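Here are my notes on the structure, set out as numbered points for you to follow alongside the sequence and the coordinates.

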Amino acid sequence: MSAPNPSPTPLAVGVDVVKRYGSFTALSGATFTIHSGITGLLGANGAGKTTLLGMFLGLHAPDEGTLAVLGVDPYQAGADIRAHLGYAPEHHTLPGDVLAADFVRHVAELHGLPKAEATSRASDALWLVGLGEERFRPMGTMSTGQRQRVKLAQAIAHDPTLILLDEPTDGLDPVQRTDMLHLIRRVATEFGINVILSSHLLDEVEQICDAAVIIGDGRVLTEGSIEDLRGTGSDIIVELETVDAAAAVASQLQQLGHRHQHLERVVIVSGDDESVFDITRDVCAAAGAGIERLSRRRFSLEDVFLEQLG
Amino acid sequence: MTAEIFDRGYRRYDGERTGLRGAAKTLVTHSIQRSLGLHRSARHKIIPFALIAFAFVPALVFLGIAAFLPFVAEEGFIPKYSEYYGLVSAMLFLFISFVAPDLLCNDRRTGMLGVYLASPLNRNTYLVSKTAAVFTLMLIITLGPNFLFFAALSLQGFGPGGFFAVLKVLGQLLLSAVVIAAFFTAIGMAISSTTDRKGTATAGTLGAFVGSAAISGLLVEGLGYSTHFRLLNLIATPMQLAPRIFGEPGEWLSSENPSWTMGAAVVAVTAGCASFVWYRYQKMSVTR
């Protein structure tokens, strides 16, 4: 199996999407484009992530703006689009007296698979998420980690084009969380299923997503590939062997009139074009300072998030 | 000889999908099976099968009488088809009090509603499917015993005479069973839509039936109010409409309670409850 094929049609496109519930505005003009792979919907609790997932499923129509999922309006397409989507809700309270295999089979049948195929694929999906031996256990006897895996299994069993995972690591301990993230990555890269996951945890989005849409106060604050988002900074960072060497470099940059910051062995020079690289290298050479690292400054997603929130 | 385990990996599915029709059929089947306790532990089977069995008991008793004591049957000891509903009225409202909460409240409490609405089903088709499941289960009790009763009596020579008379009775049986099943289904679903706690919904449904009978009795028999207040009785009203469907007077005098008022009351309650359920589900938040 391979990673999802890059498709000329984006998975989801929203243009000025507005959604109101009475006097409360959940989304206030969200514009975004989501491509194949794993995309994180990132935002604080109440930012509008779950509302957006509901709109991807066609459960709510936008009050204003347009939304397309797999090339069609999900609210209009309804049943046709949902047959090709998988969804794992945030909550953990699945029917306690139902066996995991029966539950996954039932959801696969709901998505249009014939009974025999649904039974076979339910079993396969549970094996793939690591619950092969546990598949005939009632879900009420399972741990939170196992139930999260069952939710993932039911989302993929019917071979969807895209799965929507709402806070898939909620309630998991660090080990379970790492395992679940690995599993989601595997779903995308090995099984070839596109994933949109909502999360308020920056590091997990950074860890497994190819791209992110950062939402705050119902708006899209920024979006793009993780690489692009982390490369948003326009600075050069140079790490020198000693604090004195860094001070000497900072002094020379000051004389040349280049904006910079000096933090112990690190000097951050404003600008990221080739000439700034060259000047920084030359200044270091002139100061006789040994360079340990010279690169574009990398931002963490947290830096980006906090910067966007202002 | 050695065995090898092959990892089948993740397989694509390129076959046909059954779409909305398949999803609805799956939900109806699953709901009926769940309600009857199939694929569940034994304790979940006790109440539904006991109530269904009790609903069939009078039919089997009278059939035994007709078979082994035909002279008793000829003396009019066997009840009319329209009277059968009265004999099993307790089973009817007990059954709906357990079935509707089991099928509606659990889906909201466990978040299954969100999973269903992420499938080809939407709120309306989900409700139609659930209604079909509850209605079908109710028909087991409203139509099943009476139809068995009719078929067996006919075979023993106690049924209607002539092809058209048989057709007429069959039509009346079907209509009365459908009306009563729809009435109880609507009430049970309306009460179950107000809470996601199964026990609360069951108690509420039982309370509505018993309470309505008590209030109606108090107003008409106790305080001497108009006999139209009998129509508040959610158990007796559909039971007394059944004889009218068969062209019989029933226990309520036609002069006091004309058929059209009883029909209108049953239709109004059924439609009102159905509208209420629809409204509740349109407003419900489901994505969490």
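1. In this predicted model, Leu42(A) stands opposite Ile214(A), a residue of strand 8 of chain A. That placement belongs to a parallel pairing between strand 3 and strand 8 (residues 211-216) of chain A, which runs over four bridges.

2. Strand 3 of chain A also pairs with strand 7 (residues 194-199) of chain A, again in the parallel sense, and here the pairing extends over five bridges. Within strand 7 of chain A, Ser198(A) is the residue that stands opposite Leu41(A).

3. As for burial, strand 3 (residues 38-42) of chain A is mostly covered, with five of its five residues buried. In a regular strand the side chains alternate between the two faces of the sheet, and it is therefore useful to look at each side in turn. On one side of strand 3 of chain A lie Ile38(A), Gly40(A) and Leu42(A), on the other Thr39(A) and Leu41(A), and all of these are buried, so that both faces are covered.

4. Turning to the contact between the chains, 36 residues of chain B are in contact with 36 residues of chain A. On the chain B side, the elements that give two or more residues are helix 1 (19-35), helix 5 (89-109) and helix 6 (112-117) of chain B, and helix 1 of chain B gives the most, with seven residues.

5. In composition, the side of chain B that touches chain A divides into 13 nonpolar, 16 polar and seven charged residues.

Terms used:
Residues numbered from 1 in each chain as written. Chains lettered and ligands numbered in written order. Predicted model: local features only at pLDDT ≥ 70, side-chain atom pairs only at ≥ 80, totals over all residues. Buried ≥ 20, exposed ≤ 12 C-beta atoms within 10 Å, placed from the backbone. Pairing = 2+ DSSP bridges. Contact = placed C-beta atoms within 7 Å. Nonpolar A, V, L, I, M, F, W, Y, C, P; charged D, E, K, R; others polar.
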